[in-house]
Amino acid sequence: MGRVTERRRTLRIRDGAVSARPDTLVAEEPLEIRLDGKPLAVTMRTPGDDFALAAGFLVSEGVLGSASELRTIVYCGGAREDGSNTYNVVDVRLAPGVPVPDITLERNVYTSSSCGLCGKASLDAVRTTARFPVEDSPPVRVTPALLSLLPDRLRAAQRVFDRTGGLHAAALFTPEGELVDVREDVGRHNTVDKLVGRALREDRLPLSRSILLVSGRASFELAQKAVMAGVPVLAAVSAPSSLAVDLAAESGLTLVGFLRGNGMNVYTGAERIDVGNGA
């Protein structure tokens, strides 16, 4: 299996001083996901948690919704001409009786921010494929003070980032702020897929008692993945996109952006944010 990091020789220049030294870089390799033997998608990722990545991707596509629907995930042998395994191709087999959908068109509708289709088509696609309504009973309520602690807790758990400085991260927290899981990857969407895929394989979906925190911006794609997993609160340290806000508003997702220090913007779902008498 591929390594999470690799070493490369670099010329280091600091304040006019020049030295040659090795540098640690995050690894990036393609992963082909096959569904019942048929090629489905290729994503660039940091090797590791590949089975979770594939499972989470299929949750976001509306193919999987529970562990019972998943039969096996295996690496495909013979990926190279000499028959050896690259560990860059996985095949997902669905459980007997679970239909294999033709999702090629749906993927182009709502997972690509550059597909050129209108926002309404993207929102409609998520609405018709979502397995779990974004509901929480009893309701999840969090304070701004608790939310403000989460970025530092995520950063403290980023082990590979400390060595490379070049990874996105996503984490799941309980409503009390306890870290449940954290994943790192060169692709921000992959971090969420890995979290969701691990939850599916452990039969923990929907994630209706979770706060999802992402280290970058909140794109439509990340909001979509949160909705498809039943997450009630999505927080990002950077900005959301307009379509992400539209999806959050329509689905009932609480969307928080610019979560930095003691500040944040609540774009949707403010009823889950306990601001006391400050509202």
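Trainee: Does Leu-167 count as buried or exposed?
Mentor: Start with the cut-offs: buried means under 20% relative accessible area, exposed over 50%, and partly exposed in between (1.4 Å probe, protein chains only). Leu-167 has 7% relative accessibility. So Leu-167 counts as buried.

Trainee: What pLDDT do local features need?
Mentor: Residues are numbered from 1 along each chain as its sequence is written, and side-chain values use heavy atoms, with hydrogens and water left out. This is a predicted model: totals for chains, interfaces and linings use all residues, side-chain atom pairs count only at pLDDT 80 or more, and local features need pLDDT of at least 70.

Trainee: What separates the C-alpha atoms of Leu-167 and Val-26?
Mentor: Leu-167 sits in the loop between α5 (159-164) and β7 (168-173). Helices (H or I, at least four residues) and strands (E, at least two) are DSSP runs, numbered from the N terminus. Along the chain, Leu-167 and Val-26 are 141 residues apart. In space, their C-alpha atoms are separated by 7.2 Å.

Trainee: How many helices and strands does the protein chain have?
Mentor: The chain has 279 residues, and 49% of them count as buried. Its secondary structure comes to eight helices and twelve strands.

Trainee: How many residues does the largest nonpolar core have?
Mentor: A nonpolar core is a set of buried Ala, Val, Leu, Ile, Met, Phe, Trp, Tyr and Cys residues joined through side-chain atoms within 4.5 Å. Leu-58, Leu-64 and Val-92 are among those with the most contacts inside the largest one. That core has 53 residues.

Trainee: Which residues does Leu-58 touch?
Mentor: Contact means heavy atoms within 4.5 Å. Residues up to four places away in sequence are not counted here. That leaves Leu-35, Leu-40, Val-63, Leu-64 and Val-92.

Trainee: How many residues are in the second, separate core?
Mentor: Its members include Leu-146, Leu-150, Ala-157 and Leu-259. This core, separate from the other, has 20 residues.

Trainee: Why is helix α7 largely enclosed by the rest of the structure?
Mentor: Helix α7 covers residues 220-228. Its buried residues include Phe-220, Leu-222, Val-227 and Met-228. Helix α7 is largely enclosed because the number of its nine residues that are buried is eight.

Trainee: How do α1 and α6 lie to each other?
Mentor: Axes are lines fitted to C-alpha atoms, for helices over the stretch in contact, and angles run from 0 to 180 degrees between N-to-C directions. The axes of α1 (residues 50-60) and α6 (residues 188-201) come within 6 Å and cross at roughly 90°. Angles under 35 degrees count as roughly parallel, over 145 as roughly antiparallel, 65 to 115 as roughly perpendicular and the rest as oblique. So α1 and α6 are roughly perpendicular.

Trainee: How do the residues of the contact of α1 with α6 divide?
Mentor: Phe-51 and Leu-53 are among the α1 residues that meet α6, where Asp-193 and Lys-194 are among the partners. Ala, Val, Leu, Ile, Met, Phe, Trp, Tyr, Cys and Pro count as nonpolar, Asp, Glu, Lys and Arg as charged, and the others, Gly among them, as polar. The contact of α1 with α6 divides into eight nonpolar, four polar and four charged.

Trainee: Which side chain does a polar contact of 2.5 Å join to Arg-183?
Mentor: Arg-183 lies in strand β8 (residues 179-185), and at 19% relative accessibility it counts as buried. A polar contact is a pair of N or O atoms within 3.5 Å; within protein, one must be able to donate a hydrogen and the other to accept it, and residues adjacent in sequence count only if both atoms are side-chain atoms. One such contact, of 3.2 Å, links the side chains of Arg-183 and Asp-181. The contact of 2.5 Å is with Asp-49.

Trainee: Which backbone nitrogen lies 3.2 Å from a side-chain polar atom of Thr-268?
Mentor: Thr-268 is in strand β12 (residues 263-268). At 8% relative accessibility, it counts as buried. The nitrogen belongs to Leu-255.

Trainee: Which residue does a cis peptide bond join to Leu-205?
Mentor: Most peptide bonds are trans. Here omega is about 0°. The partner of Leu-205, in the loop between α6 and β9 (211-214), is Pro-206.

Trainee: What is the phi of Asp-36?
Mentor: Most residues other than glycine have a negative phi. Asp-36 is in the loop between β3 (29-35) and β4 (38-45), and at 26% relative accessibility it counts as partly exposed. Its phi is positive, about 50°.
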